[in-house]
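Trainee: Could you take me through the salt bridges of this protein slowly, and then show me how they sit within the rest of the fold?

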Amino acid sequence: MIIFNRRISLIDVVLGLLLTTIAYYIVHRLSSGLQYKWRWELIPQYLFRYDSAEDRWVLNTLTRGFLNTIRLSVWGTLLATLIGVAMGLARISQRPFRRMLGGTYVELIRNTPPLVLIFIFYFFVSDQLMPFLEIQAWAESAPPSVQHLLTVLLAPPSTLPAFLSALITLSLFEGAYITEIVRAGIQSVEIGQWEGSAALGLSRRQQLFHVIGPQATRRILPPLSGQLISTIKDSAIVSVISIQELTFQGMELMAATYLTFEIWITVTLLYFMLTFSCSLAVERLEIFLNRSRRR
């Protein structure tokens, strides 16, 4: 296990001062060269606003977009992980058809631009599949409690088909990369582990579940955490089909207020807060797994 030194060193101080100087220079050039007038005092009202009708503070544009990004990222990661594990196992299967299926999926998705996938699935899933399944009709006719639950967990019934289209596309795209992470993690386990577990009379499924899987999980976790962060950042691309996540709300707000730098700096900080929190959580999980392995 690699132990990182968290003490602040001289090089950390120098780099911090250097970054601060660069940031100050950029702000100074924007203020003097472009004659840009900073108006940071307007940003808080786009995060929260006071609703006089309800007599309470409510979420505003950027915060609602931030929550939509979280919903897309969480559900997208869960679905992509399920797809990635299934296809990763197919990639190492002893049956040629399963290997061909997994390989075709990976090559097709990874070699297609995500923007193209977004439009294909948006026009197919939203315009063809969703009306056939009557998802929106079911959601709009559901009891108020169910509609509220859908709104909290996914999206309002009126935008549910577009949200599901974006979710499916994001999951399939990220799932292709998770497939390769799972395949590489399993294949990195030493051949002796396979041979030893086979000598004990375990079936291939039992080998994967009891012997190979636990060892591969520790190797899969670090790159999988990086893919989770990529999912959060890649969710911004669904703004092209008017999914009201953080990037879309930022573009709409910038067009209405012309607060170009304030809006995008705030959006950047919100994304960073989310991705950095995920990085810390995964780091803690890795430490916990390493401690469990030594016991």
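Mentor: Let us begin with Glu-190, which in this predicted model is partly exposed, with a relative accessible area of 43%. This residue forms a salt bridge with Arg-219, and the closest N and O atoms of the two are 3.4 Å apart. Glu-190 lies in the loop between helix 8 and helix 9 (191-199), while Arg-219 belongs to helix 10 (residues 204-234), so the pair ties together parts that are 29 residues apart in sequence. Arg-219 has a relative accessibility of 33%, and since partly exposed covers the values between 20% and 50%, Arg-219 counts as partly exposed too.

A search of the whole structure finds four salt bridges, and a second one to study joins Glu-180 with Arg-110, where the closest N and O atoms are 3.9 Å apart. This pair links distant parts of the chain, with Glu-180 in helix 8 (residues 160-187) and Arg-110 in helix 4 (residues 96-110), 70 residues apart. The two ends differ in their surroundings: Glu-180, at 14% relative accessibility, counts as buried because its value is under 20%, whereas Arg-110 is partly exposed, with a relative accessible area of 38%.

Glu-180 also forms a salt bridge with Arg-183, and here the closest N and O atoms are 3.2 Å apart. Both of these residues stand in helix 8, and because they are three residues apart there, about one helical turn separates them. Glu-180 and Arg-183 are both buried. If you now step back from the single pairs, you will find that Arg-91, Arg-110, Glu-180 and Arg-183 are linked in a network of salt bridges.

Helix 8 leads us on to the largest pocket, which has a volume of about 720 Å³. The pocket is lined by 25 residues, and the closest to its centre are Val-85, Leu-89, Ile-92, Ile-186 and Leu-208. The elements that give two or more residues to this lining are helix 3 (61-91), helix 8, helix 10 and helix 12 (260-294). Helix 10 supplies the largest share of the lining, with 11 residues, and you will remember helix 10 as the home of Arg-219.

For contrast, look at a part of the surface that is nonpolar. A patch there includes Ile-8, Leu-10, Leu-18 and Tyr-25 among its members, and the whole patch has about 1,200 Å² of accessible area together. Leu-10 lies in helix 1 (residues 10-32), and at 67% relative accessibility it counts as exposed, because that value is over 50%.

The strands deserve a careful look as well. Strand 1 (residues 48-51) and strand 2 (residues 56-59) run antiparallel and are joined by four bridges, and within this pairing Arg-49 has Val-58 in strand 2 as its bridge partner. The hairpin has four residues between the strands, and in it Asp-55 takes a positive phi near 60°.

Finally, we can place these parts in the whole. The protein has 12 helices and two strands, which follow one another along the sequence as α-α-β-β-α-α-α-α-α-α-α-α-α-α. Its C-alpha atoms fill a box of roughly 75 × 60 × 40 Å, taken along the principal axes, and buried residues make up 37% of the 295 residues.

Notes. Residues are numbered from 1 along each chain as its sequence is written. This is a predicted model: local features need pLDDT of at least 70, side-chain atom pairs count only at pLDDT 80 or more; totals for chains, interfaces and linings use all residues. Side-chain values use heavy atoms; hydrogens and water are left out. Two strands pair if DSSP finds at least two bridges between them. A salt bridge is a side-chain nitrogen of Lys or Arg within 4 Å of a carboxyl oxygen of Asp or Glu. Buried means under 20% relative accessible area, exposed over 50%, partly exposed in between (1.4 Å probe, protein chains only). Patches are made of residues with over 30% relative accessible area and no salt bridge: like charges are joined within 9 Å, nonpolar side chains (Val, Leu, Ile, Met, Phe, Trp, Tyr) within 5 Å. Accessible areas come from the Shrake-Rupley method with a 1.4 Å probe; for residues, only the protein chains shown count as cover. On a 1 Å grid over the protein atoms alone, a cavity is a set of points where a 1.4 Å probe fits but cannot get out, and a pocket is an open set with protein on both sides within 12 Å along at least five of seven lines; lining residues have an atom within 4 Å of a point. Grid points are joined across faces, edges and corners, and a volume is the space filled by probe spheres set on the points.
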